Amino acid sequence: MSNTTDTTQTDDPTLAKAYEFKSVEEKWYTSWQEQKKFQATMVDGRPSFSIVIPPPNVTGVLHVGHALNNTLQDILIRFRRMQGYNTVWVPGTDHAGIATQNVVERQLAQEGTSRHDIGRRKFIERVWEWKEESGGQIINQLKRLGCSCDWDRERFTMDKGLSRAVREVFARLYDEGLIYRGDYIINWCPRCHTALADLEVEHEPTDGKLYHIRYPFTSGDGHLVVATTRPETMLGDTAVAVHPADERYNSLPEKSVTLPLVNRTIPIVFDTHVEREFGTGALKVTPAHDLNDFEIARRHDLPALKVMDDFGNMNSEAGPYAGQERFECRKNVVAALEEEGLLESVEPYQHGVGHCYRCQTVVEPSLSKQWFVSVKPLAEEAIKAVKDGHTRILPKTWENTYYDWMYNIRDWCISRQIWWGHQIPAWTCESCGELIVSTVDPTSCPKCDGASLQQETDVLDTWFSSALWPFSTLGWPDDTQELSFFYPTSVLITSFDILFFWVARMMMMGIHFKKEIPFKDVYLHALVRDKHGHKMSKSKGNVMDPLLVMDEYGTDALRFTMTAFAAQGRDIRLSEERIEGYRHFMNKIWNAARFALMHIKDCDPAVTASLATDDLPLAHRWIVSRTNSTVAEVIKALDEYRFNDAASVVYQFIWHEFCDWYLEWIKPDLYGSDDDAKKIAQAVLFTVLESILKLLHPISPFITEEIWHVLPGKRESIMTESFPEINPSWDDQEAEKTTGFLIGVITGIRNIRSEMMIHPTTEIESFVICPDAATAEKLTSNTDTISTLTRSRKLTILQDGKCPQGAASYIFNDMEIYVPLSGLIDVEKELTKLQKQKEKLETQIKKTDAKLGNSKFLANAPDEIVAKEKGKLETLTSKMEKIKESMERLAGLEK
């Protein structure tokens, strides 16, 4: 049915003519907060539903990923709140160690000073000052998005309560032997001056070189050839390794070689780790600068020689290369090898090079004394929880990825060489060397009673405190009421890219310390890409700012767009055109509400609440049945995290059934003189509109709240209303089936009117040939409705017959629909008009086609201009096809 509901005719004072979303959004969010509508409820006997927000970095600003993630969380919390659950949505921010420290360090640099100049205590004070002044920006932006978090419970990963939880966890794990300190190869960022966890290293394909170097046997007679991509690290070699099954090395004349450039004798060892297929099968072993080499060294009791400092410069162990920057040293080492005739060959080689996730500096594997969590025992329980179905990961395809990582997990390096963060609660007694780990600052050594204690200077990895988020934010280590009501939490909604950074670690910590899973479901949403499917990035210039989008189209439109495209496992292609389309949907709802309000002002909510549907006319039985079906579908979709399906069902029902069909259908009753019919129409309209607003509220909260408050009756917030429930007495499949026939027939007649270009106000004669007697009877009993909605002055329904002469036709199921055209249109005149349109289009198509066939245009024009021209050609071609079809139909009428 065409979109003919004209609601602009009203000038109802209770609802503005146009939806001014800016003032509406500000008004209602302020009201919700003032009235504590987001506050957690803890009532015995009710089911509980809880979410902890993935804490954004305190340095962050809202991006489209945040907008998607938090919209989905808000939908669920509003939905369950309306269903009567005890609900809590815990908000908060992450202290973001390296990122936040970098922000303040840049400030100090602008002031001509540094953290080292002002000292640790003063620097930490400066970071806290920055946090209080600027750190809440993203929280305000989440409020702008409409997030109904319990803001009175806002947490920060370094607040007093979470800091206490962090110390408690660290101390317990240490006492259990699961935290230890030791030498290990870590990922070191020379720029940030800190260790990085494996997950914090981004490996990028890099075009490098593979250097084949001769290592002379100690006797000077012959040599081995080793291959490496990092020749500067050879200065720290302490062995060469070959595979024991490699036949090339079964009869080595010697068991040692001389390390080139430094003339140090190093052994040849046999180890099954060596990849025989790589290079020559002989591997240089640099235990202090490569993890695999470190493991080989441990197996063969080899020394580890560190030849690089924390700034990426060669140290004194590098001999004549001491003080050189690592990549400068590489060039000089290669030149020296070539000069001494020890560089056998160099070949191009693409390999994955690790970069720091923060500053993109090339990471250096380095031997260092660090703190680690032994995670294997923790991982076993976290794997079992998913295997046994206690925690579901959705989409389910991510489960295998989770298992692969957890089965191959390495000990977690948790120490970071920065100042901002949770300082490790470990102290060394300067008198006796005793290491003390405690939840509180010790005043003396428990071993020698010495009072000179030095605290560990390193801080914990940011993800350590984040791993405790589900239970620490609810009051742990205390046994709180919140924990009893809301732990385990109901669902975690997050991005797939932090499945390992965060989700897996929360699983391990939650199960270990609470003996329960931290969440029942994990919903991993996909990426938000641009309209062409490209990843958004500042360098590409395709980043969409959700704050600007909300300013332009309104928050409800953005939220609905995100929801409508949030299909499990499928990336979202976001464009302003799509958001604008859902802005039109908001306008459609607004105008429909204005139309309805003109007729339902005097409705009594108490009367309509007990609406009996048994004896209602078909239109009303159909719409309440469709409302009931929609309620069932939305509840099921949200229960199953099918957000896009929930949005689609609501959209289809509101626009295409309620607005396009029902409102048109009942206009004769609303404007007619039959008071009984009018009262029934008003009551049903009021009832259905209430249900629509409640269904839509979790997705689009602002417009629904605004309309809700102008409906008849005393109104509290729609947030506190009950979500619609499935009502068996409303189900009427017969009404839905009959209405389906009517809609099909009406659509057929209207299509003929449109295709034959019959003026909208011209009355026509229509024929329907329906072979099925039962269906024909249903159509006959609703001829008034069909005639009214098609402007048919005469409607004839037959069980058999022939096509009237000069009639246009339409087939619906087994029915034939005809509209005689005699006297309605001048065929020759219409053909002449269409021919002119066709000629104009041919010119436009030819011009556009020539442009796209021009190689210079395609080579020089920006991608978006080329795409625009291609889209233009598609539109013109489509128009041409429709004109040709119209001309063929008209020509057929002349015969």
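**Figure 1. Surroundings of T462.** T462 is in contact (heavy atoms within 4.5 Å) with D94, H95, A96 and G97, leaving aside its neighbours within four places in sequence. The residue sits in helix α12, residues 462–466. Helices (H or I, at least four residues) and strands (E, at least two) are DSSP runs, numbered from the N terminus. T462 has a relative accessible area of 16%, so it is buried. The cut-offs are under 20% relative accessible area for buried, over 50% for exposed and in between for partly exposed, with a 1.4 Å probe and protein chains only. The model is predicted: local features need pLDDT of at least 70, side-chain atom pairs count only at pLDDT 80 or more, and totals for chains, interfaces and linings use all residues. Residues are numbered from 1 along each chain as its sequence is written, and side-chain values use heavy atoms, with hydrogens and water left out.

**Figure 2. Confidence along the chain.** The pLDDT, the predictor's confidence in each residue from 0 to 100, averages 90 over the protein chain. Of the residues, 97% score at least 70. Residues 1–13 fall below 50. Beyond near neighbours in sequence, this stretch has 35 contacts in the model.

**Figure 3. The side chain of S717 and its polar partners.** S717 lies in the loop between α23 (701–708) and α24 (733–755). Its relative accessibility is 5%, so S717 counts as buried. The side chain of S717 makes a polar contact of 2.6 Å with the side chain of E705. A polar contact is a pair of N or O atoms within 3.5 Å; within protein, one must be able to donate a hydrogen and the other to accept it, and residues adjacent in sequence count only if both atoms are side-chain atoms. A polar atom of the S717 side chain also lies 3.0 Å from the backbone nitrogen of M719. Setting aside neighbours within four places in sequence, the contacts of S717 are W32, K37, E705, W708 and H709.

**Figure 4. Strand β2 and its parallel partner β1.** All 5 of the 5 residues of β2 (residues 86–90) are buried, so this strand is largely enclosed by the rest of the structure. In a regular strand the side chains alternate between the two faces of the sheet. From β2, N86, V88 and V90 point one way. T87 and W89 point the other way. Strand β1 (residues 48–52) runs parallel to β2, and 5 bridges join them; two strands pair if DSSP finds at least two bridges between them. V52 has V90 in β2 as its bridge partner. From β1 the chain crosses through helix α2 (residues 64–82) to β2, and this β-α-β crossover is right-handed. Right-handed means that, with the strands pointing away from the viewer, the path from the first strand over the helix to the second runs clockwise.

**Figure 5. A three-strand open sheet with helix α7 across it.** The strand order is β19-β18-β20, with antiparallel pairing. The edge strands, β19 (435–437) and β20 (453–455), each pair on one side only. The twist averages 30° from one strand to the next. Strand β18 (residues 426–429) and β20 are joined by 3 bridges. C429 stands opposite L453 in β20. Helix α7 (residues 160–175) lies across β18, β19 and β20, at about 130° to β19. Axes are lines fitted to C-alpha atoms, for helices over the stretch in contact, and angles run from 0 to 180 degrees between N-to-C directions.

**Figure 6. The enclosed helix α17.** Helix α17 spans residues 555–564. Of its 10 residues, 10 are buried, so the helix is largely enclosed by the rest of the structure. Among them are the polar and charged-group labels to find in this view: T555, D556, R559, T561 and T563. A557, L558, F560, M562 and A564 are buried too.

**Figure 7. Two cis peptide bonds.** The bond from L394 to P395 is cis, with omega near -5°. P395 lies in the loop between β15 (392–394) and α11 (398–407). The bond from W476 to P477 is also cis, with omega near 15°. P477 lies in the loop between α13 (469–472) and α14 (481–486).

**Figure 8. Positive phi at K36 and N263.** K36 is not a glycine, yet its phi is positive, about 55°. This residue sits in the loop between α1 (21–34) and β1. With a relative accessible area of 43%, K36 is partly exposed. N263, likewise a residue other than glycine, has phi near 55°. The loop between β10 (256–259) and β11 (264–270) holds N263. N263 is exposed, with a relative accessible area of 62%.
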